Amino acid sequence: MRIALLPTCVVDTVAPQVGAATVRVLRRAGHEVVVPDAVTCCGQPAWNAGFAEEAALVARTTLDALAEADVDAICVPAGSCTTMIRVFWQELFHLVGDDAAVARAATVADRTLEFAELLDRFGDAPGGRYDAAVARHHSCHMLRELGLRDEAGRLLDGLEGCTVLPWPGDDRCCGFGGTFAMKQPETSVAMADDKIDGLLATGATELVGCDQSCLLHLAGRLERRGETAIRVRHLAEVLDEAAP
Amino acid sequence: MSGATPVGFRARAERATADAHLRGVLHNVTDRLIDSRRVAQGHLDNSEELRRAARSMRDDIIRRLPEVLDRLATNVEANGGTVFFAGDAEEANAYIADVARRIGARSAVKGKSMATEETGLNEHLAAAGVEVVETDLGEWILQVGGDTPSHIVAPAIHLSRGDVRDLLQRVADGDLTDVPEELCAFARAVLREKFLRADLGITGCNVAVAETGSIVLVENEGNGRMSTSLPRVHVAVMGMERVVETWEQLDLIMALLPRAATGQDISVYVNQITGPRRPGEVDGPDEFHLVILDNGRSDLLEGPFREMLNCIRCGACLNTCPVYRQVGGHSYGWVYSGPMGAVLTPLLGDVEGSGELAGASTLCGACHEVCPVQIPLQDLLLALRRRAAPEADRAERAAWRAWAEAWRRPSTYRATTWAAGAVGRVVPEGIFPDAWTDGRSVPRRPAGGSFRRRLRNGSV
């Protein structure tokens with residue numbers, strides 16, 4: 001397939017290695033990957049803060065770029081940005097009275113898939129070897145808005161040497177929550193600690209997730225707590241490194 | 001807890017999250033409630049279907065609320081009861097104080113009622129010379145300790161049994177242990193005397209049934225039954241939305257409410273009360289009054305927050321909320337807490353700083369997942385944020401505007417992200433100084449710049 005990648009602003013600015021890994025995994029699966037020049041951000045930071053007009057200004061730019069892309073599918077290496085596009089864009093453009101954008105958003109939503117979802121759906125499980133005891137973080141939008149619970153797990157199960165450990169509370173929010181992480185930092189950090197206490201009890205050597213923003217928050221807290229034994233990685237990095 | 005209560009959610013949450021004892025208690029109890037709910041829900045083979053049916057049933061009732069309440073009032077009066085529609089807290093309190101004065105009441109026993117917490121009835125009656133005794137065990141413990149409920153179903157959820165022992169010791173002659181059975185026996189002995197002496201019984205109302213003019217009290221301790229059968233006058237207070245039309249509809253609510261609330265298939269008591277004592281009956285009050293409280297609710301009937309009136313007050317959203325789990329109910333600053341409280345407080349409460357509550361959530365959706373009537377709480381919180389955005393402080397509004405102006409254009413997006421590496425790029429810089437770095441390390445600046453730059457350089 002020909003796939004347009006929306007890198008997401010977080011991956012683009014803070015975790016470029018995740019974007020690179022995503023591209024390599026998709027290419028190895030035989031896909032052609034393009035990053036439309038004009039995409040910026042899905043608008044979610046402002047949308048979640050309640051600033052719909054501002055969110056729409058930014059989202060419209062990305063919408064237009066994705067709508068014009070001549071591709072079979074759009075891949076997003078983040079459950080929450082995928083949710084923004086699939087679940088909230090039409091509501092957003094409706095709220096700001098842009099009916100033409102609502103219609104375009106519907107066609108883009110139909111073609112947009114989260115990274116693990118895409119690989120799982122098209123039988124692109126890359127396989128390979130990855131020696132690690134992994135705990136998986138379920139990100140909230142991916143789990144509860146998109147209903148994607150098992151896709152990433154199936155991909156990890158396909159790796160030799162990789163054990164996915166049970167982690168009670170793995171579907172509880174990590175406390176990132178967009179601007180919440182900065183508007184309510186004490187609670188946000190307490191939530192991370194709650195997750196991390198459970199994580200440490202699993203004996204995992206790696207924490208793997210599909211949303212770099214949650215991972216950034218958890219990694220930042222792990223580091224601040226001096227817990228250096230656990231590596232935090234995006235699924236794309238794991239699959240990329242595992243590839244034969 | 002000691003010291004003056006800080007103002008605003010963040011300040012209160014900061015204090016709560018620093019309290020390891022409180023968080024430990026909250027984690028234990030909410031974990032247990034979540035597990036019991038899951039098990040009890042599993043006893044239904046069609047729970048998702050029932051939740052959908054309950055949502056549409058509640059939608060329909062709330063859409064026709066004035067008509068349903070008329071029918072309720074007509075039937076309560078036909079049974080010999082009295083109905084009072086209270087526009088606000090003051091009217092409700094004044095009406096109940098009038099009843100107390102007219103019957104010469106010296107003391108009142110109360111079953112659990114969040115509506116009267118909302119109106120501040122206890123203080124009002126105390127000022128009118130009526131001794132008010134809470135009889136729900138949790139509420140009584142709080143009353144003894146001068147504390148307030150932190151959960152709509154389990155009001156003393158923030159106290160360990162050691163805490164409870166310490167509080168009750170204040171009113172006990174002998175030494176108390178922290179054995180729950182012994183603490184309960186002590187409470188029973190004290191409260192039994194209060195029940196027998198009380199002139200007035202005041203309760204809430206979990207659900208009223210319009211077709212027969214009845215009220216239903218769901219409880220586990222029997223204090224609701226005592227409060228409604230021993231005193232000579234019973235006043236029930238209900239939020240105006242707490243009504244169904246038929247007993248068949250009540251059946252659906254009862255399939256969901258105890259399971260969601262406490263993980264019970266059915267509560268120990270389900271009291272169904274239809275009017276005062278009738279001729280030939282041996283117990284029950286001489287008078288029955290139903291106070292139907294508006295207090296801002298009718299403003300929600302039209303508009304984006306109508307679905308909040310579907311709430312049946314089970315508390316499941318509190319138990320499952322990862323924020324509530326860390327901060328407890330008092331952080332929310334009013335009688336309702338957790339996700340439902342974060343929505344209701346800015347809409348109904350007159351509470352300083354309650355606008356902040358819409359932000360007291362990560363919008364994770366766990367609340368919606370467990371809500372027995374499927375209220376999309378995270379969507380309502382988001383709608384509240386949009387409503388508050390125009391009044392956000394000038395710096396925040398300016399920052400989002402500048403962010404939008406920059407990132408609506410690919411060229412300025414690239415210009416601001418090319419070097420990469422700062423969290424501040426993703427969320428406009430300058431709004432939340434140090435908020436990230438206080439508890440978390442900042443990601444290291446990636447060598448080679450942004451992903452897009454690497455792509456352009458051919459290094460991907």
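Two strands count as paired here if DSSP finds at least two bridges between them. On that basis, in this predicted model, strand β4 (residues 200-203) of chain B runs parallel to strand β7 (residues 233-239) of chain B, with four bridges joining the two. Within this part of the fold, B:I202 sits opposite B:V235 in β7(B).

The β4 and β7 strands belong to an open, six-stranded sheet in chain B, which reads β1-β10-β7-β4-β2-β3 and has parallel pairing. At its edges are β1 (82-86) and β3 (131-134) of chain B, each of which pairs on one side only. Going from one strand to its neighbour, the turn averages 20 degrees, direction ignored. Helix α5 (residues 89-102) of chain B packs on this sheet and touches β1, β2 (107-110), β4, β7 and β10 (287-293) of chain B. The direction of α5 makes about 170 degrees with that of β10(B).

Then there is the contact between the chains, to which chain A gives 55 residues and chain B gives 52. On the chain B side, the helices that each supply at least two residues are α1 (9-17), α14 (324-327), α16 (366-370), α17 (377-388), α18 (394-407), α19 (410-417), α20 (423-426) and α21 (451-457). The largest share of that side comes from α18(B), with five residues. As for chemistry, the residues of chain B that touch chain A split into 29 nonpolar, twelve charged and eleven polar.

Conventions: Residues are numbered from 1 along each chain as its sequence is written. Chains are lettered from A and ligands numbered from 1 in the order in which they are written. This is a predicted model: local features need pLDDT of at least 70, side-chain atom pairs count only at pLDDT 80 or more; totals for chains, interfaces and linings use all residues. Two residues are in contact if their C-beta atoms, placed from the backbone, lie within 7 Å. Ala, Val, Leu, Ile, Met, Phe, Trp, Tyr, Cys and Pro count as nonpolar, Asp, Glu, Lys and Arg as charged, and the others, Gly among them, as polar. Axes are lines fitted to C-alpha atoms, for helices over the stretch in contact, and angles run from 0 to 180 degrees between N-to-C directions.
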